[in-house]
Amino acid sequence: MAGSTAIVRQPGSDLSACELSYQQREPVDAQRLASQHAAYVAALRSAGLNVIILPALADFPDGVYVEDVAIVLDEVAILTRPGALSRRGEVEPMAEVLEPLRTCLSMQEPSTLDGGDVCLHDGVLYVGQGARTNHAGLKELAHLVLEHGYRVKAVELGDCLHLKSALSSLPDGRILVNRDWLKLSRVEHSGIIEAHPSEPCGANVLAVGEHLICSSAYPRTNERLSEEGFDLLEVDLSEVHKMEAAVTCPSLILN
C-alpha cells in the first residue's frame, strides 16, 4: 500500500437537501458530521493511506461522497454521470483533481452511473442495475475500460441505493453481502460472509490492504469479520448513515 492515496472532501454546513431514496429524512448535525469525517480520515491514515482533503462544495450537500463521481482504476479514471441530477455539478471539480493523476475519460448522455454502483472484485467491475445507474451507463463503462482488460458484469439490485450497499470485496477474495438486496448468481468469488440479519446495511466496508474500515453501527457484522481474522478499523458514521451513505462513500482510493 506504500504510496496509495485517498481523496476525500470536507462536508458542507447545509446538509438539509441531501438526496434520499429509501430513508426518512432526519436532521443531520453538521458539526458532528465534520468530527466523524475527521475520524474517518484518521482511519484512512491508520490504514497506511496518504490523504488529499478537498474543500467542501457549498452548493452540493452530497459532495462529501466523492465515490459516486469517479471510478479510479490503476490505468484510468472514469468520470461518471450521476443518476441524481442534483449531483452532476460535483463531477467537474473532481476532474480537476484527478486529471494530473490519471488519464480521465468522461461518461456521456444518456448514460447515468454512480460510482457506488461499481465494485471491483478480482479484475471484474460489477455494476448494480438500480435507480442511479442505467443500462446505457453499464454499456459505456464496459466500452471505456475494455482496452485495459476489465470485464463488466451487471448485478440486479433489490431495495437498496447502490451495489456497494449490498456487496463489498474482501482482501482474501471473499465477498461480504446482504443477500436480500442483490442477485448473486453473476458474482464470482471464493467465499461469502453475510452481514448479520439484524444489520442489513452492514455489508458495506472499505478494504485498504489487509485492513477493513467498518462502521461501528454494525457490531454483529463486524464481529463476524473479526472472527474471520480481518483487521478492523471501526469508525462512528451515524451522521453519514442519516444521509443514506456508508463507509466507502466518502473516499476515492488511488493505488
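These legends accompany several close-up views of a predicted model.

**View 1. A nonpolar core gathers residues from several elements.**
In soluble globular proteins, nonpolar side chains tend to be buried together. The largest nonpolar core here has 26 residues, and the ones that touch the most other members are Tyr40, Leu44, Tyr65, Leu206 and Ile213. Two or more residues each come from strand 1 (5–9), helix 1 (30–46) and strand 12 (206–208). Helix 1 gives the largest share, five residues. Take a moment to look at tyrosine 65: setting aside its neighbours within four places in sequence, its contacts are Leu33, Arg87, Val240, Met243, Ala245, Cys249 and Pro250.

**View 2. Three strands make an open sheet.**
Strands of a sheet pair through backbone hydrogen bonds, either parallel or antiparallel. In this sheet the order is 2-1-15, and the pairing is mixed. Strand 2 (50–54) and strand 15 (252–254) are the edge strands, each pairing on one side only. On average, neighbouring strands are turned by 25° against each other, direction ignored. Strand 1 and strand 2 run parallel and are joined by five bridges. You can find arginine 9 opposite leucine 54 of strand 2.

**View 3. Two helices meet the strands of the sheet.**
Helix 1 lies across strand 1 and strand 2, and runs at about 175° to strand 1. Helix 2 (residues 91–98) also packs on the sheet, where it touches strand 1, strand 2 and strand 15. The direction of helix 2 makes about 150° with that of strand 1.

**View 4. The largest pocket holds about 890 Å³ of space.**
Its lining has 36 residues, and those closest to the centre are Leu120, Lys164, Ala207, Ile253 and Asn255. Strand 3 (70–72), strand 6 (118–121), strand 9 (167–169), strand 12 and strand 15 each give two or more residues to this lining. The largest share, four residues, comes from strand 6.

**View 5. Some loop residues have backbone angles worth a second look.**
Most residues other than glycine have a negative phi, and most peptide bonds are trans. The bond from glutamate 109 to proline 110 is cis, with omega near 10°. Proline 110 sits in the loop between strand 5 (104–106) and strand 6. Aspartate 122 is not a glycine, yet has a positive phi of about 55°, and belongs to the loop between strand 6 and strand 7 (124–129). Glutamate 244, also not a glycine, has a positive phi of about 60° and lies in the loop between helix 5 (238–242) and strand 15. Which surroundings do these residues have, buried or exposed? Aspartate 122 is exposed, with a relative accessible area of 72%, whereas glutamate 244 counts as buried at 12% relative accessibility.

Conventions: Residues are numbered from 1 along each chain as its sequence is written. This is a predicted model: local features need pLDDT of at least 70, side-chain atom pairs count only at pLDDT 80 or more; totals for chains, interfaces and linings use all residues. Side-chain values use heavy atoms; hydrogens and water are left out. A nonpolar core is a set of buried Ala, Val, Leu, Ile, Met, Phe, Trp, Tyr and Cys residues joined through side-chain atoms within 4.5 Å. Buried means under 20% relative accessible area, exposed over 50%, partly exposed in between (1.4 Å probe, protein chains only). Contact means heavy atoms within 4.5 Å. Two strands pair if DSSP finds at least two bridges between them. Axes are lines fitted to C-alpha atoms, for helices over the stretch in contact, and angles run from 0 to 180 degrees between N-to-C directions. On a 1 Å grid over the protein atoms alone, a cavity is a set of points where a 1.4 Å probe fits but cannot get out, and a pocket is an open set with protein on both sides within 12 Å along at least five of seven lines; lining residues have an atom within 4 Å of a point. Grid points are joined across faces, edges and corners, and a volume is the space filled by probe spheres set on the points.
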